[in-house]
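Okay, thanks for coming, everyone. I'll take you through the ligand site and then a bit of sheet.

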Amino acid sequence: MYTLIDKLRDTQNLTKNEWLLLLKHLQGTSIESALSEYLFSKSRSVQKSNYGKKVFIRGLIEISNICKNDCLYCGIRASNKNAQRYRLTPEEILTCADEGHEIGFRTFVLQGGEDPYFTDGILCEIITKIKNKYNDSAVTLSLGERTKESYEKLKKAGADRYLLRHETANESHYAKLHPANLKLSNRKECLFNLKQAGFQTGSGFMVGSPFQTTENLVEDMLFLKELDPAMVGIGPFIPHCDTPFAQYPNGSVELTLHLIALIRLMLPKALIPATTALGTLDKQGREKGILAGANVIMPNLSPESARKKYTLYNNKLHSGAEAAEHLRLLKEQMNKIGYEITIERGDYLCTNTTQNH
Ligand code: SAM
């Protein structure tokens, strides 16, 4: 296993069989083991040589929990009648950005369900306003599947990055997690369209989603390698009580940490968040994520009332602290483990200039 880790670090590649062997082994391995320590020390050294001890922050603004899709795992799926729906107005979104900028955020992530209210026209207006006011800041969107033309318009309006997890790279697994109208082929096409439109593009998947096999994870790693995204978000699956997957168990924190480390070795320059889902399952989850090779944290800038309603899964972490206090605590937590929160925009360090506007 040590040789496979070394090979991944040196060549950023493994064959399908090598991935299977390594992942099967790591699935039963505790993060306290010597092998895990070896893996984490290698991923930290790659993290350090690319980004030093910096942890980038992104201000998350959850703009709407109205969603036309019915993904089986998600708490804001269309058919969840218990979800209390909300949508922020463009003015409220701008106020969140104002408050975030004031305390040092230089990236705003507009995330939400696939809410038909947010037409290209409305989104372009919001993006333009944020970018005109804060030309030192990046705008990231995470608003699901849209047409190629739509992505191009959003990019032209000034959006810099787009997050769209592929969720699983296996067709039949995808079909078990999604309704019949959603197809993996379209998800993948969206990701390649986003890259082509010039976005720093992010993908990723849930760890331990229902029916996920080790073979599926191998396909996820191979797909990430093929896509070569600027950002990779992975987090454990956590059930939501009002979904068909209410009775399924949480994904494993330990496996998520192992996968973060492997992704750091495979895609050395990727921006990898220590996700909210990781922090939800483990109080130290964010610190552990950074120590496994992640280098991004996405604190929440949404108004308190929205945060409570943007419930993707049970017990989703939403600090009661206001954003400034939350950021102060985060800085302390990161300093304690030898890292430093930076207010830099934190763009992808790629050589291909089309992705780096
Ligand atoms: N609608 C946009 C999209 O589809 O990309 C963005 C919002 S979506 C709710 C953001 C991410 O939340 C999804 O990509 C999914 O991986 C994650 N998510 C949803 N339900 C989850 C659950 N039960 N456990 C963990 N993550 C979940």
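Before the pocket, some bookkeeping: Ala, Val, Leu, Ile, Met, Phe, Trp, Tyr, Cys and Pro count as nonpolar, Asp, Glu, Lys and Arg as charged, and the others, Gly among them, as polar. On that scheme, the shell around the ligand splits into 10 nonpolar, four polar and three charged residues. Keep in mind that this is a predicted model, where local features need pLDDT of at least 70 and side-chain atom pairs count only at pLDDT 80 or more, while totals for chains, interfaces and linings use all residues. Numbering starts from 1 along each chain as its sequence is written, and side-chain values use heavy atoms, with hydrogens and water left out.

So who's around the ligand? There are 17 residues, and Tyr73, Gly112, Arg165, Glu167 and Ile238 come nearest (near here is a heavy atom within 4 Å).

Now the polar contacts, meaning N or O pairs within 3.5 Å. Arg165 puts a polar side-chain atom 2.9 Å from a ligand oxygen, and Arg187 does likewise at 3.4 Å. Gly112 uses a polar backbone atom, 3.0 Å from a ligand nitrogen. Taken alone, the ligand exposes 560 Å², and the protein buries 92% of that (Shrake-Rupley, 1.4 Å probe).

On to the sheet. It's open, with three strands in the order 8-1-9 and parallel pairing; strands are DSSP E runs of at least two residues, numbered from the N terminus, and a pair needs at least two bridges. Strand 8 (296-297) and strand 9 (340-342) sit at the edges. Strand 1 (residues 54-57) connects to strand 9 through three bridges, with Lys54 partnering Glu340.

Conventions
A polar contact is a pair of N or O atoms within 3.5 Å; within protein, one must be able to donate a hydrogen and the other to accept it, and residues adjacent in sequence count only if both atoms are side-chain atoms. Helices (H or I, at least four residues) and strands (E, at least two) are DSSP runs, numbered from the N terminus.
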